[in-house]
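Me: Could you take a close look at the salt bridges in this model for me? I'd like to know which residues pair up and where they sit.

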Amino acid sequence: MSGSIDDDEDPEHSQGPAPAPLDLGRLEVEARQAAAKHVASLLQRPDQLDKVDSYKRRVARKKASVEAMLKTAVQSQLDGVRTGLNQLQSALQDVYQIKQSLDDIEENYRIIEPLHQKLKDLKEENNIFCQLSAAQENLKHIFTVPESVVKTKELIMEGKLLQAHKHLTDLEMSRDDLLLALHKQPNQSPTDKNTLTHYFSEVQTLSTDLGKQLWVIIQRTLMSVRREPTLICTALRIVEREERMDNAWAKKCDYIGFMPPGRPKRWRSKCLEVLQTSIAARIEGSQLETRDQDKMWLVRHLENTRQIMIDDLKVVKTLLPPVFPPEYDIVKRYIKMYHKALSLHLEDLIQQELEGNEVVSLLQWVKAYDSPDLMRHPELNIDVKELGPLLENKWISRLQNQYLKNMKQNINEWSRNTLRSDMKDWIRDTIPDQDGNGYYNTQLPVIIFQMMEQNLQVANIIGQDLVKKVLELFAEELNRFAHEYRNELQNFEERHLADRKEPKCFVHYVIANANNCLAFGEYMKELRKRYIKNEFDDEHDDDTEQIRKDMFQQLTDRFLSLSKFCCDIVLEELFIDLRDSNCLNELMTRNWMANSSSVETIIATWADYHQDFLHLKPEMYEILLAKGMQRIIKEYVKALLSRKLSFKNYEERKMSAEKIVSESEQIKAQFTDMSSKLDVSLFDVLPAMAEGLKLKDSSMLALEIMGFAKKYPDIRLEQLVNLILCRGDISRSDARQLAVDTVGEDDASQAKPKGIFSEIATSG
């Protein structure tokens with residue numbers, strides 16, 4: 001068995017099968033064959049025989065180079081093997097020497113082993129000696145403990161803190177040495193430990209009393225550093241001594257497993273906690289009033305806090321560094337403490353549910369925190385970036401949401417009250433106020449604008465993010481206000497229509513409101529330019545050409561629409577007067593043919609109302625005239641198509657056509673005089689219709705009708721039939737056939753172009 005195990009552990013067997021021996025004869029044959037192939041490849045042409053000598057020299061050089069390389073490699077290997085053998089020889093000698101040393105040590109251990117038992121008694125005597133030695137060293141203190149305790153109390157009461165701490169340290173050292181000696185004994189006696197602890201029980205009380213005196217001094221740091229900085233130095237010296245003793249005992253405890261009672265005291269941490277508490281108390285103490293006592297309590301409190309902070313931090317930067325140890329980094333640490341205390345105090349204020357302007361005051365104060373008014377004060381210049389935000393985003397959001405909620409309620413209330421107050425002016429017997437250009441207006445937009453500007457100024461002080469939220473709120477509230485404004489204007493119109501004698505200045509105040517709406521629109525454009533225009537710089541400056549519209553553009557359109565609604569009310573008032581005078585109903589009647597009173601009434605009524613229209617702003621003035629002109633033309637067209645007048649002969653038809661042309665020119669001239677910017681080409685439809693009446697030869701009528709239908713492609717089939725029937729010399733069937741041949745049957749699925757005839761057809 002042993003033989004087989006040795007065979008298995010043989011290195012040759014462990015490295016696998018041995019390599020086959022080299023066959024030198026076979027290698028030589030293979031080399032000759034390879035050489036023959038190489039020579040054959042070099043001498044493939046007769047002319048290459050001339051280069052045989054150069055080939056020989058090249059091969060000889062290569063052979064010499066390879067042999068040199070082989071010699072170098074073999075020499076290197078031999079040197080390595082020689083060095084390895086020398087090191088192995090040296091290691092073998094070292095191992096032998098170590099073995100001899102270990103044998104000597106083991107022999108020595110066997111020789112001295114009996115000494116352990118022989119020295120046992122000596123060891124016990126040594127322990128007793130150490131205890132007695134410790135007791136002897138502290139004997140004086142042990143017997144004088146009561147006196148030392150009394151003396152230390154007196155020193156603490158007298159404020160002699162350094163001396164008191166010296167006595168306290170001596171007492172603690174005596175106690176700790178004795179307790180440590182007990183701890184080292186193999187058989188510890190709980191009775192002895194309790195006896196010592198009870199005997200030195202007053203020492204812990206003294207430590208607590210001394211600490212209280214220190215914390216009072218630390219609490220009054222800012223006051224003491226101005227009057228008596230040595231007090232702070234004394235307190236900090238004691239704190240640092242205790243800190244060093246804490247560290248020393250902590251290191252001892254790691255290898256002896258003993259920590260004296262009351263350790264670690266951690267007075268440095270306690271010192272910093274007292275500083276933090278004193279700062280918080282100072283901030284809270286700056287609140288002198290409550291909401292019940294004074295509505296401006298928060299403003300006063302924040303201002304007091306600001307002044308106190310500036311004064312305190314000035315003292316911190318100038319007077320505390322020489323007093324506090326450098327490792328405290330007291331300036332940076334104190335600023336962080338103030339920042340933290342202030343942050344917690346503000347959070348507490350927010351949780352008390354601030355009211356009204358209190359939210360604004362707090363937001364403004366937080367915004368001013370990192371400004372020359374506080375932390376960036378020239379004498380402080382503190383970078384708050386390292387401190388983090390004074391209030392986290394959740395608290396800022398809570399304040400902003402509360403501010404927006406209050407603002408929404410205020411805007412809602414203010415706008416409604418302002419509108420109600422303005423409505424009282426609408427029923428006055430005196431005309432509205434006029435601006436420098438003579439345009440009517442009321443105080444409504446001015447009051448609303450002032451309210452919005454005040455809120456925007458406040459929001460701008462607080463921050464740009466709040467400005468955007470305020471603008472969104474304004475857009476929402478103004479949208480609601482526009483709806484309410486429109487309802488009140490409708491009610492105003494309905495009350496007036498019930499009794500047109502009241503109010504006497506109805507038209508004037510509707511015009512004033514039209515101008516008010518334009519003022520709202522202009523203010524919206526101004527706000528857009530001030531706050532969000534740069535967000536749409538890539539778009540065209542003309543708002544009407546923009547596909548994408550922001551909230552201000554939408555509001556501008558909303559108030560423009562409301563202004564047009566006011567124009568419609570005024571126009572309706574004018575046309576009610578025209579209808580009451582019966583001049584519109586008389587159009588295309590026998591009375592109309594007999595005299596010119598109808599057109600005279602229309603012109604006179606427009607001239608009368610025009611005196612009021614001049615008080616409209618130019619934009620609405622042009623729109624109102626354009627709408628009025630269109631309505632007058634529609635009345636003429638509808639009167640003509642209604643066939644109220646039956647012509648007896650061609651002369652009557654011709655006279656009526658000429659009268660239509662004449663009155664058209666008169667009214668057209670009046671509108672041209674009122675505004676040269678108006679597109680009066682709409683009046684061309686009346687002479688064009690008159691041409692169909694004047695045409696004597698009915699055989700040419702088809703050509704005339706075709707030209708008319710081409711010029712006014714929006715005309716409906718029935719309208720064209722009625723226009724033809726106005727002549728009175730064509731039957732309905734022929735008229736319809738002529739119209740169908742000209743424009744074809746009406747196709748509901750095919751959209752007609754828009755024009756005056758399509759508008760008449762839509763309005764019925």
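Reply: Happy to! Before the pairs, a quick stop at helix H28, whose face turned away from its buried side carries the exposed residues Leu703, Lys710 and Lys711. Please keep in mind that this is a predicted model.

Now to the salt bridges: the structure holds 46 of them. Side chains of opposite charge can pair when their charged atoms come close.

Let's start within a helix. Arg306 forms a salt bridge with Glu303, and their closest N and O atoms are 2.8 Å apart. These two residues lie 3 residues apart in helix H15 (residues 297-319), so about one helical turn separates them. Glu303 counts as partly exposed, because its relative accessibility is 30%.

Helix H20 (residues 464-498) offers another pair, Glu484 and Arg480, which are 4 residues apart and so separated by about one helical turn. Here the closest N and O atoms are 2.7 Å apart. Glu484 is buried, because its relative accessible area of 17% falls under the 20% cut-off.

Next comes a bridge between Arg398 and Glu353, with the closest N and O atoms 3.0 Å apart. Arg398 lies in helix H18 (residues 393-426), while Glu353 is in the loop between helix H16 (330-351) and helix H17 (357-368), so this pair ties together parts that are 45 residues apart in sequence. Arg398 is partly exposed at 32% relative accessibility, and Glu353 is partly exposed at 43%.

Finally, there is a network of salt bridges linking Glu172, Glu242, Asp246, Arg263 and Lys265.

Notes:
Residues numbered from 1 in each chain as written. Predicted model: local features only at pLDDT ≥ 70, side-chain atom pairs only at ≥ 80, totals over all residues. Heavy atoms only, no water. Buried < 20%, exposed > 50% of the residue type's maximum accessible area, 1.4 Å probe, protein only. Salt bridge = Lys/Arg side-chain N within 4 Å of Asp/Glu carboxyl O.
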